[in-house]
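Open the model in your viewer and keep the selection tool ready. We will go stop by stop.

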Amino acid sequence: MTGETNRFVVEVRRTPQKHDAKTRINNFSEIYADFKPAQATQQSSRCAQCGVPFCQSGCPLQNNIPDWLRMTAEGRYEEAYLLSSATSTLPEICGRICPQDRLCEGSCVLEQSGWENVTIGSVERFLGDMAFENGWIEPIVPVQERRQSIGIIGAGPAGIAAADRLRTLGYKVTIYDRYDRAGGLLTYGIPSFKLEKEVVLRRTDRLAQSGVEYVMNCDIGNDVSFEELREKHDAIMIATGVYKTRRLSVPGCGSQGVVIALDYLTASNRVGFGDAVPDYESGRLNAEGKNVIVIGGGDTAMDCVRTATRQGAKSVTCVYRRDRANMPGSDREVYNAEEEGVKFEWLSAPMAVLGDAETVTGLKVQRMRLTTPDAQGRQGIEDIAGAENDLPADLIIEALGFEPENIPVMFNEPGLEVSKWGTIKTLAGEFQTLVPGVFAAGDIVRGASLVVWAVREGQDAAADIHHYLQTQLALSLSEAAE
């Protein structure tokens with residue numbers, strides 16, 4: 001019944017239709033369908049409209065979830081979308097790729113009380129897709145055009161989010177990126193079966209239609225100096241993300257048959273765009289017909305194993321040193337991978353890559369066990385003496401996480417201080433770096449994290465930049481009046 005909420009006692013939780021595993025491993029299309037309006041209405045009506053909405057506090061963006069669920073339940077879809085987009089510049093993208101089971105949906109009061117959570121992410125995606133389909137999303141037309149300009153380094157989610165907010169405020173915005181397409185890891189790091197590229201493209205295109213300028217294939221420090229950008233713009237925002245991959249350090253890890261996750265995923269996504277990718281065509285970054293092992297336990301590892309199944313791998317195995325309960329990735333992604341035929345070797349740590357410098361034949365692993373939890377509840381791991389075995393492999397993919405590149409050296413800007421982890425330091429409680437007029441946000445500040453956190457920090461950094469520029473303008477006017 002449209003307009004009612006608190007219907008969790010009569011409406012069963014249902015997710016959008018998911019294509020069966022045998023069908024979906026034959027293509028790279030998104031595996032979930034969109035809700036139909038009636039489905040979105042019914043599922044939104046399950047919301048308990050809690051007095052204290054833990055779903056909202058569980059969301060990094062603090063999205064006003066109960067209110068736009070109520071509006072959706074009432075059939076007020078455009079109003080619901082406008083409310084969801086008030087706090088998020090990329091709602092339909094976050095609705096697709098956020099680990100809702102660890103964030104909003106995991107915090108849902110219904111989930112905690114045994115009634116099963118509201119399908120928040122699916123409704124958010126539905127609203128965003130409907131908004132594009134119905135023309136509710138138009139190019140940004142600022143109320144006031146401002147003379148100041150901002151240069152954003154990085155066209156990933158933090159950069160896109162900041163550009164959206166800054167252009168809305170009337171600033172001239174230019175985004176610089178080393179790749180040939182905007183979107184960062186949304187474009188090249190996340191497979192299309194989770195996020196079809198048209199979904200990213202329509203957002204980046206909207207910014208271009210709004211007057212945001214893109215300068216692609218631009219490597220800061222080589223193609224243009226950081227100092228030149230500072231002279232050209234009134235403020236700079238660094239949103240490069242973290243692209244340096246953690247590597248294996250076991251015997252044989254330098255073999256040609258061991259590749260890093262980002263190279264592998266980028267090659268697959270480029271093939272999807274129709275690009276020529278020599279390393280894919282040669283088989284180096286192609287899993288077809290191979291026994292594939294992916295090392296790692298995060299969402300990037302899940303992206304790799306599920307890509308390998310679609311490329312026609314002979315077998316796909318994920319090796320992770322802890323158990324499933326301690327895996328950092330989304331449980332939903334692990335379940336989808338298992339449905340698609342991926343085998344998991346839990347509590348297994350790499351010991352050596354078998355083969356030679358050119359060819360991989362397998363991976364020797366050490367079996368592990370969890371130790372007693374420490375004071376923080378974290379369990380360590382230790383070897384099980386004598387418990388070793390060899391797993392067959394023709395291709396090994398390292399998905400061990402990401403670290404920051406040396407930005408001060410790359411940009412030739414020693415004033416950019418970094419933390420002991422290599423992330424850029426900013427002023428306490430702010431996004432401004434120790435270099436005046438230079439800001440930073442996203443993974444390059446907080447370390448490898450979720451897309452939703454990059455969106456949040458991009459938006460917040462835009463607010464800091466606006467405050468800084470308005471303060472500078474007020475000082476200039478005051479000095480001119482004296």
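**Stop one: a pair of neighbours**

Select R181: it is partly exposed, with a relative accessible area of 22%. (Buried means under 20% relative accessible area, exposed over 50%, partly exposed in between, with a 1.4 Å probe and protein chains only.) Add D180, partly exposed at 32%. Their side chains meet in a salt bridge, 3.6 Å from N to O. That term means a side-chain nitrogen of Lys or Arg within 4 Å of a carboxyl oxygen of Asp or Glu.

This is a predicted model: local features need pLDDT of at least 70, side-chain atom pairs count only at pLDDT 80 or more, and totals for chains, interfaces and linings use all residues. Residues are numbered from 1 along each chain as its sequence is written, and side-chain values use heavy atoms, without hydrogens and water.

**Stop two: more salt bridges**

The count comes to 40 salt bridges. Select R206 and D164, which form one with 2.9 Å from N to O. R206 lies in helix α12 (residues 197-209) and D164 in helix α10 (residues 157-168), so the pair ties together parts 42 residues apart in sequence. Helices (H or I, at least four residues) and strands (E, at least two) are DSSP runs, numbered from the N terminus. Both R206 and D164 are buried.

**Stop three: a sheet**

Now show β10, β11 and β12: they form an open, antiparallel sheet in that order. Strands pair if DSSP finds at least two bridges between them. β10 (348-355) and β12 (381-392) each have a single partner strand, so one side of each lacks a neighbour in the sheet. Finish on V353, whose bridge partner in β11 is L363.
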